[in-house]
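Here are some questions and answers on a single protein chain. Keep the structure in view while reading.

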Amino acid sequence: MKIGIKGIHRISATATVALTAGAVIAGSAFASTAQAATLPTPTIVAAGGYVMNNGTGTTLFTKAADTRRSTGSTTKIMTAKVVLSQTNLNLDSKVTIQQAYSDYIVAKNASSARLIVGDKVTVRQLLYGLMLPSGCDAAYALADKFGSGTTRAARVKSFIGKMNSAATALGLKNTHFDSFDGIGNGSNYSTPRDLTKIASSAMKNTTFRTVVKTQSTTQKVTTKSGGYRYMSWTNTNKLLGSYSGAIGVKTGSGPEAKYCLVFAATRNSKTVIGTVLASTSETNRTADAKKLMDYGFSK
């Protein structure tokens, strides 16, 4: 009988240990899930910020989200969107690079895709030159190509008009463009909420998505003499390759705009998309965006 009792005690002790261990594991898993599900509302350096769930349109974070600010080169998201919305668009049609585009970036001390006068560059290549190195020469070439009018000035004015029409069509009340690249003349502005909506709309286009998630590219272009050269461009968006799931979208900067970033990332079939405007440095705008995406994914 004593042996039987000892055996029973052993079984009970083993069962107790197993149950206790199971409870600890379950408790740890629950705690981990709870921690992953809830992050405190982040504090960002940027003067304005906005994040939404791209699938549902649900707002996840706001900071001065409807305050109008200069947008710098994040303007180029709309530039690309207008180009890609053209009817019967041929992405492989070629555009001859004009002296005016080169003169413009010199006069404005603007960011450049280093396009060479006389080269014939496809529309698709110009989109890479626009969105990766943030080429204002590429922006000028696209505005000249897709605006209407008999003079370059008229075509550029027409293209900017299309940018504003697109903003109106999206129902945006706090956005206005007076330039094709963000180097404005006093009335080029948007808000974190509006820019996020522009980017969300643009991301519906396959070509746009492909371009803005590209970290670097080398493109073969035709020279004036009929030969060819290779152009290499690297994306200014440091989130690509450094933030898990990052898929775009566009940087911006300037004396008035300071440091801006429109960003997007996808994890587990959930995409968060947002904007920070008027951060204080490249490092801080990237850190701000990472905080907001982490927060967005935890919601």
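Two residues are in contact when heavy atoms of theirs lie within 4.5 Å. The model discussed here is predicted.

Q: What share of the contacts with a separation of 6 or more joins residues 24 or more positions apart?
A: A contact requires heavy atoms within 4.5 Å. Among the contacts in the chain with a separation of 6 or more, those between residues 24 or more positions apart account for 62%.

Q: Is helix α7 largely enclosed or not, and how many of its residues are buried?
A: Buried means under 20% relative accessible area. Pro192, Asp194 and Leu195 are among the α7 residues that meet this. Helix α7 spans residues 192-202, and it is largely enclosed by the rest of the structure because the buried residues number nine of the 11.

Q: Which elements do the buried residues of α7 pack against?
A: The buried residues include Ile198 and Ala199. Their partners comprise two helices, α2 (76-84) and α8 (206-212), and the strands β1 (48-53), β7 (246-254), β8 (258-267) and β9 (270-279).

Q: How are α3 and α5 oriented to each other?
A: Helix α3 (residues 99-108) packs on helix α5 (residues 136-146) with the axes 9 Å apart and an angle of about 140°. Angles over 145 degrees count as roughly antiparallel, and 65 to 115 as roughly perpendicular. The angle falls in neither range, so the two helices are oblique.

Q: How do the residues of the contact of α3 with α5 divide?
A: Ala100, Tyr101, Tyr104 and Ile105 of α3 meet Cys136, Asp137, Tyr140, Ala141 and Asp144 of α5. By class they are two charged, no polar and seven nonpolar.

Definitions and conventions:
Residues are numbered from 1 along each chain as its sequence is written. This is a predicted model: local features need pLDDT of at least 70, side-chain atom pairs count only at pLDDT 80 or more; totals for chains, interfaces and linings use all residues. Side-chain values use heavy atoms; hydrogens and water are left out. Buried means under 20% relative accessible area, exposed over 50%, partly exposed in between (1.4 Å probe, protein chains only). Helices (H or I, at least four residues) and strands (E, at least two) are DSSP runs, numbered from the N terminus. Axes are lines fitted to C-alpha atoms, for helices over the stretch in contact, and angles run from 0 to 180 degrees between N-to-C directions. Angles under 35 degrees count as roughly parallel, over 145 as roughly antiparallel, 65 to 115 as roughly perpendicular and the rest as oblique. Ala, Val, Leu, Ile, Met, Phe, Trp, Tyr, Cys and Pro count as nonpolar, Asp, Glu, Lys and Arg as charged, and the others, Gly among them, as polar.
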